[in-house]
Amino acid sequence: VVPDFGPAWAAAHSKAKSKIADFNLDQKVAIVTGVGWEGGRCVGNIASISGNGTSWPGLCLEDSPLGVRDADFITAFPAGINAAASWNRALMRQRGLFMGQEHKGKGVNVQLGPMMNMGRIAQGGRNWEGFGGDPFLTGEVAYETVLGIQEAGVIACAKHLVGKYQEHDRTTESSDIDDRTMHEVYAHPFLKSVMAGVGSMMCSYNLVNSTYSCENDKVLNDIIKREYGFQGFIMTDWSAQHSTISANRGLDMSMPGDITFNSGTSYWGANLTLFVNEGIIAESRVDDMASRILAAWYLMGQDSSSFPAVNFDAFNPDSDETNLHIDVQDDHYQLVRTLGSASAVLLKNERGVLPLGKKDRSIVLIGSGAGPGMAGPNEFSDQGGSDGVLAMGWGSGTANFTYIVTPIDAIQREARKFRTSVSWMFNDFNLPLAGNVARKKSAALVFLEADSGEDYITVDGNEGDRNNLTAWHGGDALVLSVAAQNNNTIVIINSVGPLILEPWIDHPNVTAVVWAGLPGQEIGNALADVLYGAWNPSGRLPYTIAKSPSDYSAQLTLPAAGQNPSGTDPLQIPYTEGLNIDYRHFDAQNITPRFEFGFGLSYTTFGYSGLHVSKIQTLAPPAELPFILAWEKGNATAIAEGSSRALWLHQPAYQATFTVTNTGSVFGGEIPQLYINFPTSAGEPPSVLKGFTNIELSPGQKSSVTITVSRYDLSIWDVVQQGWRKPAGTIDLTIGASSRDSRLKGTITI
C-alpha cells in the first residue's frame, strides 16, 4: 500500500493559512526563528505566540533518533543501524511508534530523527545512527520509522539533508555529488520520508557542490519541495545557517535561532523582518515558511488540548521545578529486547557450537564489553566514552540509560538454568590472564567493541570518525590470546560499523562470531536470547565487512597539509564512486568481501524454489494511464511538482513469487532479498537491492513468498530529461539470501 497524504496535508495547510492570517509580520518571523541556545527547556525551541487576539503554544524540538535525549525515565532504544540489521519492517515501525510515544509523553513536538545518512565511508562517526550502506534499505527503514513516529502524533525530522558522511571538517567540506548519484543514492531516503508524510527535514552543516546545504536552492527548492512535493518545513542543523537570504533558497526554520550559541544575534528575527520591509524577501515567503511549520503541527493533531506540555528540562535535568520526572517507558523494553535479538547477525558458527546449553558445562566471559562501566551507564556525557558494555555511540544522537542489562547479568542467569559454571575477566589488556582463565572452559566468550560519534567529542583520539577499522582496547590481541588456549572461542562484537576481522576470523579455535551492533538498554537479554537459542538469529548485515579498509569505495577525506578549509574555500570531497556505494563497489570491481551485505547465518537452513515473475494486473485510473504507457516506452517522467513521488510510479507493478522451505531442524526466520540486474547499457551497478521481506517457518514448513517492485524501482535517473525512465534492454532479477548468495533468477517482462 502506498499512502497518499495529499488530502491530509491540504487540510493542514488550510488550517495553517487561516491561523497565520491573524499574525503580524513579527509574529510570523517568531514562528520561523528559534529562541536561541538554551533559551528554553528543549534542545530547540520556538516561542509561543500571543497578542492580536490570537495565540499559539510554540514548539519543542528534541533529540534523538533513538530516544528522548537529556531526559529521565525514558527508553534507550536500539540504534538505527540495528533497526536496519533486523530487515524487519514491523519492528522498524514499532520502534518508531514507541519512540514517538515517549517524545510526546515528554511534551516534544518534533523528534529530531530519523537520521538517514548512509555509510559512504566505513569510518563515518555517525553511521550507527543511520541505516547502513544501501539506499533502498535505508529508504525502507526511514519510511517505516517516520510512519511510526508520526502515528504517535510527533513530527518526525528526516536528517541530515544531504551529503553529510563524515565528521571531520563537517562545516567546511563540500560533498560534490553528480545529479544521477544524488537522485538514485543520497536523496532517495528523503523521498521515501516524504512518501511517509514526514513533517520536517533538517539540512546539514556541509556544502553540497560548493553551496551550503541550508541555502542550496537546487536541493531545498527544486529536489525536495518541487520534485518531491514536500509539504512540511526544513530547519537548519544547529548553527548551520549562513545568511538571511537563505529564506529565498528554501530554508523555513532557523535552529537554535542564534548565529552561534548564546551570541545574542540571529540571521533571522529582526533581520528577517528588515529584509521583508526592504523588499529583499517577500512577506509571502515568510507566510509560506510559517504555514509549513503550522501545517505540520496541525497534521499531527498537536492543536489538541490533550497534547502534553513540556515536562522535562534538557539543560537542567536536576531541577525539580522544570523537570517533572514523568515516566514514559511503558513496556517498551520488550520491543528493545526483541529488536536487539532480531538485529544480531550470526557470522560464523562452526560445528554448531551455538546455541549454548547443557553441553557447555563451564563458560567464561572475557573483555570489558561483557560487564558494566566503572560508574554506571551514563558515566560519560552524551555517551562520550566507554569502559564497559557498548550499547550506543556518542553525540547528540544518544539518550540516557534508565538502566542497562549487561551481558554478564543475562548470560549468567541463562547459564544457571543448565547448572553451568560461569566466570569472567573484564580487563582487555591483561592478555596472559585472559588466556589462562579461558583454559579448560567449555566455551570462552570474548567481547569486542568499536565506538564512534559526533565531532564535538573526541574519545581515545577519535574525533567523531573512527581513526581505523580495528577493534578498540586491543580487541584483536585479546581474541588471539584466548583462542590460543581455548578451542571453542566465541566472539561477540558490539560495534558502530564494520571492523576488519582478518587477524583472527580464520583461526581454527574461533568457532562462532555474533555481530550484535548497538542494541540499547536490553543488550544483555537480547544477546542471551540469541546465544541460548530463545531467538534463532535472523539479522542480516546492513553493510559490507571487507578484508581490508582499502577495499571500500570511499575513505575519510582530510585537508592537505597547510590547507585550512572554510565556507569560501571548502575541503572538496568528490563522490567519484558514483552509484557504487558499499556492496555495489565490491560487485563492480569484483572484490571479495569477508562478509557481504545482506549476509547472516541461522541455526537452521532454508531452501528456495519455484520462482515466477509477473506483471501485477490492475486497472490504472484514466488520468495515470498515459504516464504509465509513456514509462513503458522508455520515456522519462515529466518535470512537475511532485513528479518523483507520483503514486503510479511507486505502486507495486511487478511481482516475484517463490517458495521458501525450512530445510533444517529448528524454527527460524529468513530474509529473502530481491536484487535487480539492469542491462549493462543502463550504467547501473551489477546488482541493486530493490526488495526484501521476512518470514518465519517451522522445520519442514514451506511458504509462498511474494516481493513486489514498482516502476520507480526499475527506473534510472535521466540527467538530461530530469526524470525517471525505464532503461532499454532486459531487466533481470535475482532472489537470494544475501547480495552474493543467489538462489533464483528471473526476468521482468515489461
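A residue is counted as buried when its relative accessible area is under 20%. By this criterion, helix α11, which spans residues 333-342, has L335, V336, L339, G340, S341 and A342 as its buried residues. In the predicted model described here, these buried residues of α11 pack against three helices, namely α3 (80-86), α4 (89-105) and α15. The loop between α10 (283-299) and α11 contains D330. This residue, although not a glycine, has a positive phi of about 50°. With a relative accessibility of 62%, D330 counts as exposed.

Aromatic side chains form a further set of contacts, with 22 aromatic pairs in the structure. One of these pairs is formed by Y165 and Y575, whose rings are arranged edge-to-face at 6.2 Å centre to centre, with 65° between the planes. Y165 is located in the loop between β6 (155-161) and β7 (173-176), and Y575 in the loop between β20 (571-574) and α16, so the pair ties together parts that are 410 residues apart in sequence. Both Y165 and Y575 are buried. For W515 and Y543, the ring centres are 6.4 Å apart and the planes stand at 70°, so this pair is likewise edge-to-face. Distant parts of the chain are linked here as well: W515 belongs to strand β19 (residues 510-515), while Y543 is in the loop between α15 (523-531) and β20, 28 residues apart. W515 and Y543 are both buried. In addition, one aromatic cluster is made up of W87, F136, Y583, F597, Y675 and F692.

The surroundings of E596 were examined next. This residue is situated in the loop between α16 (583-588) and β21 (606-615). E596 is buried yet has no salt bridge, and the nearest side chain of opposite charge, that of R740, is 6.3 Å away. That separation exceeds the limit of 4 Å within which a side-chain nitrogen of Lys or Arg must approach a carboxyl oxygen of Asp or Glu to form a salt bridge. The side chain of E596 does, however, make a polar contact of 2.6 Å with the side chain of S738. Apart from residues up to four places away in sequence, E596 touches L541, Y543, S738, S739, R740 and D741. An unreviewed UniProt entry annotates residues 670-739 as "domain: Fibronectin type III-like". Within the model, this span is 0% helix and 50% strand, and its end C-alpha atoms lie 14 Å apart.

Backbone geometry is notable in the region of β6 and the loop that follows. A cis peptide bond is present between K159 and H160, with omega about -5°, and H160 is found in strand β6. Another cis peptide bond joins L161 and V162, with omega about -10°; V162 lies in the loop between β6 and β7. The loop between β6 and β7 also holds D169, a residue other than glycine that has a positive phi of about 55°. The relative accessible area of D169 is 22%, and the residue is therefore partly exposed.

Strand β17, comprising residues 462-463, contains N462. This residue counts as buried because its relative accessibility is 7%. When neighbours within four places in sequence are left aside, N462 is in contact with W394, I457, N467 and W472.

Key: Residues numbered from 1 in each chain as written. Predicted model: local features only at pLDDT ≥ 70, side-chain atom pairs only at ≥ 80, totals over all residues. Heavy atoms only, no water. UniProt positions renumbered as here; feature names shortened; annotations may be inferred. Helix = DSSP H or I, 4+ residues; strand = E, 2+ residues; numbered from the N terminus. Buried < 20%, exposed > 50% of the residue type's maximum accessible area, 1.4 Å probe, protein only. Lys, Arg positive; Asp, Glu negative; His and termini not counted. Polar contact = N/O pair within 3.5 Å; in protein donor to acceptor, adjacent residues only side chain to side chain. Contact = heavy atoms within 4.5 Å. Phe/Tyr/Trp six-rings, centres within 6.5 Å; stacked < 30°, edge-to-face > 60°.
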